[in-house]
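Hi there,

Here is the structure I promised to pass on to you. Please have it open while you read the notes underneath.

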Amino acid sequence: MRLLVTGGAGFIGSNFVLRTRETRPDWSITVLDSMSYAANRASLEPVLGDGAGDNAGPVRLVVGSVADAAVVDPLVAECDVVVHFAAESHNDNSLDSPWPFVESNVVGTFTLLEAVRRHDKRLHHISTDEVYGDLELDDPERFTEATPVNPSSPYSATKAGADLLVRAWIRSFGIKATVSNCSNNYGPRQHVEKFIPRQITNILQGIKPKLYGSGLNVRDWIHVDDHNDAVVAILEQGRLGETYLIGADGERDNRQIVALLLELMGKPADWFEHVDDRPGHDLRYAIDSSKLRHETDWRPRYGDIRAGLEATIAWYRDNEEWWLSAKDDAERVYARLCR
Ligand code: TDX
């Protein structure tokens, strides 16, 4: 099978490429990535070959925008399946500057959909639980495939828009597509602007972790490899036209995550600080992934977030050169946003 992986140099996409090289070595992979601030070529280096050019290894890297039809069209023509990870993904940035989110997430998905329609190719669209808005802390319900979209931020609105475009192209044009909405991912190679790597790298640099507002907001954490294995399960066993929610029953509030990181990294339990809350900050996300578990053989392998975080901490400790320059840039943005 020939895969076109958009956003394959970002966090989830690069982990997908690396993991799929191991679990499905006969699949050929072309990555299309704009190599924005959120991408890191070093993440793909092990599979790109020995430096003899972009196309020397088993994975080919094409640098370009998913919103550029002239780039997208020939790449879609030559593949069997498109796995669409490419997106602007950080809520804080979307509050500061929404346009790149509209361009990548809405126009980019539209551009891919038109190419997939033209060439009659299979598409799997990666999305987020944030499209469903948020839940109360004590709400017994969790998000399901039937939950209406109700996004809160410019970021989640553009992802909801992209999801709706995919659904409309399935219904109106009969394209062969599936959608997945996953909960918060953690693991190696995540950009240091995000919550968990920001706090790990803060602690490594002797800076206190920063909790937005009360720190009571709940996220439903899943290891990135569990997410990506679910994507493979959907590619192989999912029904065309369907949406699948991906989650690993990992609800924790932000204070609990910081407490765990401090303990695992040998710092006192009160060694953190509260900072300005994020405007419109979603309270709680929670995923019911029963449909995925009924229809495929996927099960999460990282049941224990403690062990997953320990491994993630070790990765950031051992790979400082991967994140150091991005850290300075991310913290400059946060200083301006007072967060
Ligand atoms: O320094 C911080 N302190 C803090 O308390 C940061 C960066 C975040 N937070 C909070 C905000 C959230 O409640 O931690 C939680 C997680 O924040 P993010 O890592 O920014 O993730 P979130 O906003 O939940 O969105 C993430 O999950 C869904 C991804 O960034 C999205 O791309 C994905 O769609």
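Below is what I found, starting with two helix pairs and moving on to two single residues. Please bear in mind that this is a predicted model.

**H5 and H6**

Let me start with helix H5, residues 99-119, and helix H6, residues 154-173, which pack with their axes 8 Å apart and at an angle of about 15 degrees. That angle makes H5 roughly parallel to H6, since anything under 35 degrees counts as such. The crossing in which H5 passes H6 is right-handed.

If you would like to display the contact, select Phe101, Val102, Asn105, Val106, Thr109, Phe110, Leu113, Glu114 and Arg117 on the H5 side. Their partners in H6 are Tyr155, Thr158, Lys159, Ala162, Leu165, Val166, Trp169 and Phe173. By residue type, this contact of H5 with H6 comprises 11 nonpolar, 3 polar and 3 charged residues.

**Val166**

One residue of that contact, Val166 in H6, seemed worth a separate look. Its relative accessible area is 0%, so Val166 is buried. Leaving out residues up to four places away in sequence, Val166 touches Thr109, Leu113, Leu123, His125, Ala177 and Val179. Two of these, Thr109 and Leu113, belong to H5 and take part in the helix contact described above. For a sense of distance, the C-alpha atoms of Val166 and Gly10 are 22 Å apart in space, while the two residues are 156 residues apart in sequence.

**H1 and H2**

The other pair is helix H1, residues 11-23, with helix H2, residues 41-48; their axes lie 9 Å apart and the packing angle is about 20 degrees. H1 is therefore roughly parallel to H2. Here the crossing is left-handed. H1 contributes Ser14, Val17, Leu18 and Arg21 to the contact, and H2 contributes Ser43, Leu44, Pro46 and Val47. Sorted by type, the residues where H1 meets H2 are 5 nonpolar, 2 polar and 1 charged.

**Asn184**

Finally, have a look at the loop between strand E6 (177-182) and strand E7 (185-186), where you will find Asn184. Is Asn184 buried or exposed? Its relative accessibility is 18%, so Asn184 counts as buried, the cut-off being under 20%. Setting aside residues up to four places away in sequence, Asn184 is in contact with Asp129, Arg219, Asp220, Trp221, Ile222 and Tyr285.

Happy browsing, and do write back with any questions.

Best wishes

Definitions and conventions
Residues numbered from 1 in each chain as written. Predicted model: local features only at pLDDT ≥ 70, side-chain atom pairs only at ≥ 80, totals over all residues. Heavy atoms only, no water. Axes fitted to C-alpha atoms, helices over the stretch in contact; angles between N-to-C directions. Helix = DSSP H or I, 4+ residues; strand = E, 2+ residues; numbered from the N terminus. Parallel < 35°, antiparallel > 145°, perpendicular 65-115°, else oblique. Left-handed = near helix turned anticlockwise from the far one by under 90°. Contact = heavy atoms within 4.5 Å. Nonpolar A, V, L, I, M, F, W, Y, C, P; charged D, E, K, R; others polar. Buried < 20%, exposed > 50% of the residue type's maximum accessible area, 1.4 Å probe, protein only.
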